[in-house]
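Work through the exercises below with the sequence and the model open. Try each task before reading its solution.

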Amino acid sequence: MNFQEFIPSEVLKPYIKCYYTFESDSDTEFEDTVFPSGLMEIIFNLGEGTWETLVNGKFQTTPKIELWGQIVKLLAVKSKGKHFMLGIRFFPHTAAWFLEGDIAIFNNQVSNLSDIIGAPVKILHSQLLETPKTNSRIELIEDFLMRRLSVTHEKPLKIDKVANILSSIKRNATESNIGDIALKHGITPRYLHKLIYRYTGLSPKSFNKINRFQNSLKLIAKNVQPLTSIAYDCGYFDQSHFIRELKSFTGFAPSGFDSTNSSAILASPNK
């Protein structure tokens, strides 16, 4: 397997965390589990293989152009065949700038972006299939994203304002008082709740929980701190609170979680 990340252009840096490619030459079938990341993604499947996600107890094949909504609970996936994938990874709040309407409707599922955007993204997918070089493919994607920015409805706040609000929450992992955070930014708690939901598809509580969880994964992977220290540093009430939330997001307690052999940690978008 080969995973590579690519930096977006200066114009799109406020919106795109990275582009990436994932390539696998193995035909071996395998199952994996996707953990909550706090981010949304668009993935163009350009290889012969297929992916499936578990929906209502049954695996269903994902579309060739995937929109990954906010994953808020464990999501099982299955791989078949050889893959070449080209992905767009957004920041927690920036997918909303390219999609119209309530982005929370995409939570915990993989949607067909063709059904949402229509012909323009189908044309892009065809162009990507016909273009062999990764740099040229990224240029096509950036042109598509720039055009999407010009046609989507104008958002009420500048993107840097939203980013600053979310950064404030992420920096203060132990600060759960939404009123205090809202006061720092000169807005009401109700409006803060509305903003976070509008731009991330998550409530402030869910956003904070996923951020805590991702921070804890990074510390577990380093394997240099005891669980009590990780719990404190990540803003959990105590060690039992930390263990309970980790198990709800991964299916494992810390004692049974192998951080050295976890693709979810090694490919973590928040690393």
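**Exercise 1. Two helices**

How are α4 and α7 oriented to each other: roughly parallel, roughly antiparallel, roughly perpendicular or oblique?

*Solution.* This is a predicted model, in which local features need pLDDT of at least 70, side-chain atom pairs count only at pLDDT 80 or more, and totals for chains, interfaces and linings use all residues. Residues are numbered from 1 along each chain as its sequence is written, and side-chain values use heavy atoms, with hydrogens and water left out.

Step 1. Find the elements: helices (H or I, at least four residues) and strands (E, at least two) are DSSP runs, numbered from the N terminus. Helix α4 covers residues 159-171 and helix α7 covers residues 204-222.

Step 2. Take the angle. Axes are lines fitted to C-alpha atoms, for helices over the stretch in contact, and angles run from 0 to 180 degrees between N-to-C directions. For α4 and α7 the angle is about 55 degrees, and the axes are 10 Å apart.

Step 3. Classify the angle. Under 35 degrees counts as roughly parallel, over 145 as roughly antiparallel, 65 to 115 as roughly perpendicular and the rest as oblique. The pair α4 and α7 is therefore oblique.

Step 4. List the contact, meaning heavy atoms within 4.5 Å. Leu166, Ile169 and Lys170 of α4 and Phe207, Asn208 and Asn211 of α7 make the contact.

**Exercise 2. A second partner for α4**

Classify the packing of α4 and α6, and list the residues that meet.

*Solution.* Step 1. Helix α6 spans residues 189-200, and its packing angle with α4 is about 105 degrees, with the axes 11 Å apart.

Step 2. With that angle, α4 is roughly perpendicular to α6.

Step 3. From α4, the residues Val162, Ile165, Leu166 and Ile169 take part; from α6, they meet Leu192, Leu195, Ile196, Tyr199 and Thr200.

**Exercise 3. The sheet of six strands**

Which strands stand at the edges of the six-stranded sheet?

*Solution.* Step 1. Two strands pair if DSSP finds at least two bridges between them. The six strands form an open sheet in the order β1-β2-β9-β4-β7-β10, and the pairing is antiparallel.

Step 2. The edges are β1 (2-6) and β10 (110-112); each has a single partner strand, so one side of each has no neighbour in the sheet.

Step 3. From one strand to the next, the twist averages 25 degrees.

Step 4. Look at one pair inside the sheet. Strand β4 (residues 41-45) and strand β7 (residues 65-68) are antiparallel and share four bridges. Here Glu41 is opposite Trp68 in β7.

Step 5. Add the helix. Helix α2 (residues 119-130) lies across β4, β7 and β9 (83-90), at about 50 degrees to β4.

**Exercise 4. The sheet of four strands**

What is the order of the strands in the four-stranded sheet?

*Solution.* Step 1. The order is β3-β8-β5-β6, in an open sheet with antiparallel pairing.

Step 2. At its edges are β3 (30-34) and β6, each of which pairs on one side only.

Step 3. Between β3 and strand β8 (residues 75-80) there are five bridges, in the antiparallel sense. Val34 has Leu75 in β8 as its bridge partner.

Step 4. Strand β5 (residues 50-55) runs antiparallel to strand β6 (residues 58-61), and four bridges join them. Opposite Thr53 is Gln60 in β6. These two strands form a hairpin with two residues between them.

**Exercise 5. Two asparagines with positive phi**

Is Asn56 buried or exposed, and is Asn108 buried or exposed?

*Solution.* Step 1. Most residues other than glycine have a negative phi, and most peptide bonds are trans.

Step 2. Asn56, in the turn between β5 and β6, has a positive phi of about 50 degrees. Asn108 has a positive phi of about 55 degrees and sits in the loop between β9 and β10.

Step 3. Apply the cut-offs: buried means under 20% relative accessible area, exposed over 50%, partly exposed in between (1.4 Å probe, protein chains only). Asn56 has 80%, so Asn56 is exposed. Asn108 has 17% and therefore counts as buried.

**Exercise 6. Cysteines**

How many disulfides does a search of the whole structure find?

*Solution.* Step 1. A disulfide is a pair of cysteine sulfur atoms within 2.5 Å.

Step 2. The search finds zero disulfides.

Step 3. Cys18 is buried at 5% relative accessibility, and Cys234 is buried at 1%.
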